[in-house]
Amino acid sequence: MKKYLVTGSYGQIGVALIPAMIKKYGRENVIATGRKKPIPLFKELDVIYRRLDVRDQFGLRSLIVENDIDIIIHNASVLSATGEKNPQLAHSINFEGFYNVLEASRELKIEQLFTPSSIAAFGPTTPLVNTPNTTIMEPTSIYGISKVYIELMGNYYNLKYGLNFRALRYPGVLSPEEPGGGTTDYAIWIFYEALKNMKYTCFLGADVRLPMMMMSDCLKSTFDLIEADDAKLKHRSYNVTGMSFTPEELANAIRKYLPDFTIDYEPDFRNAIALSWPQSLDDSAAREEWGWEPELPFDKMVPAMLDGVSQRLGISYK
Ligand code: AKB
């Protein structure tokens, strides 16, 4: 069995990924790391958790060596909205942190480095409808620029040093867990506010269409790419998507379950970020090269989110 190290393990994706990895690979083979104290869920599951700031290259290398790590999943990142509030923090974590992980992976001969990229790697000059896997990438957010850096450096280390680098351009990822610092987060908060207050004020405009996927599909794509046969891969970074919708379409779908739900719109700086991102993605490269196929469509996502969020809030809506 391989040994895995996960950075940024208590983020929205990490809290779903770590339990799924433990189930798949065994508790003793998954080392979760992060800058803060372990979250209660990790204590409950007896997760092996080590404190790590990815900017600390010595701490990172010690963990890799002491735990005999084979594969790194590098999730630590400042997301789009937080990044615009603090570009300097985003630069130090997203650029310097990634460079440390990349260099440690090369020097310590890590078998595979997986890092999420994002739809944020695209920008206003990209064709924004059915965005191809290979196209213009001129993002305007610090987060998006860091994702282009990650993709290009990962590809460079693959060509120059043979590092087995792989990345997925995640769209907005939907799960009942509370998200933090992203632009696509509205599509989760809307469920919290609908269930608690029957109304939501959206920070994006009514017609801003963005690609999204359910967490189960995000985890599926991650495991599928990590386990894909290298000989089949013609790219290092892949578009993946599950659905695309606007806030208004999502509100209409929620109304089928909560007829009294209302939404209004007060677009802020995140609206401009969202307008510079793809509305939908062409994920045919992932489908053709490693068999990617999403499982959860829009009409199943809405009741799944209502069930999940209502459970977390202890509110019954049926
Ligand atoms: C964000 O909104 O910043 C993230 C992303 C799309 O990468 N969810």
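Here are three short exercises, each with a worked solution, on a predicted model.

**Exercise 1: Two domains and their contact**

Work out which stretches of the chain belong to each domain, and what the contact between the two domains is made of.

*Solution.*

Step 1. Start with the bounds. Domain 1 covers 4-172 + 212-239, while domain 2 covers 176-211 + 243-280 + 297-313. So that you can place them, note that their C-alpha centres lie 25 Å apart.

Step 2. Now look at who takes part: domain 1 brings 23 residues to the contact and domain 2 brings 26 residues.

Step 3. Next comes the area. About 2,000 Å² is buried between domain 1 and domain 2, and carbon and sulfur atoms give 68% of that.

Step 4. Check for pairs across the interface. Between domain 1 and domain 2 you'll count zero salt bridges, but there are eight residue pairs in polar contact.

Step 5. Zoom in on the side of domain 1 that touches domain 2. Helix 4 (80-85) and strand 9 (210-214) are the elements that give two or more residues there. Helix 4 gives the most, with five residues. Sort that whole side by type and you get 13 nonpolar, eight polar and two charged residues.

**Exercise 2: Around the ligand**

Find the residues that surround the ligand, then pick out side chains with a polar atom close to a ligand oxygen, using 3.5 Å as the cut-off for a polar contact.

*Solution.*

Step 1. List the surroundings: L79, S80, S118, I119, Y143, G182, T183, T184 and W277.

Step 2. Take S80. An N or O atom of the S80 side chain is 2.6 Å from an oxygen atom of the ligand.

Step 3. Move on to S118, where a polar side-chain atom sits 2.7 Å from a ligand oxygen atom.

Step 4. Finish with Y143: here the distance from a side-chain N or O atom to an oxygen atom of the ligand is 2.6 Å.

Step 5. Compare with the cut-off. The distances for S80, S118 and Y143 can each be held against 3.5 Å, and a pair of N or O atoms within that limit counts as a polar contact.

**Exercise 3: A salt bridge in a helix**

Say how many salt bridges the rule counts, and describe where E103 and R106 lie.

*Solution.*

Step 1. The count comes to 16 salt bridges.

Step 2. Recall the general idea: side chains of opposite charge can pair when their charged atoms come close.

Step 3. Look at E103 and R106. They form a salt bridge, with their closest N and O atoms 2.8 Å apart.

Step 4. Place the pair: both E103 and R106 are in helix 5 (residues 87-107), three residues apart, or about one turn of the helix.

Technical notes
Residues are numbered from 1 along each chain as its sequence is written. This is a predicted model: local features need pLDDT of at least 70, side-chain atom pairs count only at pLDDT 80 or more; totals for chains, interfaces and linings use all residues. Side-chain values use heavy atoms; hydrogens and water are left out. Contact means heavy atoms within 4.5 Å. Buried area is the accessible area (1.4 Å probe) that two parts lose on being put together, summed over both. A salt bridge is a side-chain nitrogen of Lys or Arg within 4 Å of a carboxyl oxygen of Asp or Glu. A polar contact is a pair of N or O atoms within 3.5 Å; within protein, one must be able to donate a hydrogen and the other to accept it, and residues adjacent in sequence count only if both atoms are side-chain atoms. Helices (H or I, at least four residues) and strands (E, at least two) are DSSP runs, numbered from the N terminus. Ala, Val, Leu, Ile, Met, Phe, Trp, Tyr, Cys and Pro count as nonpolar, Asp, Glu, Lys and Arg as charged, and the others, Gly among them, as polar. A residue is near a molecule or strand if one of its heavy atoms lies within 4 Å of it.
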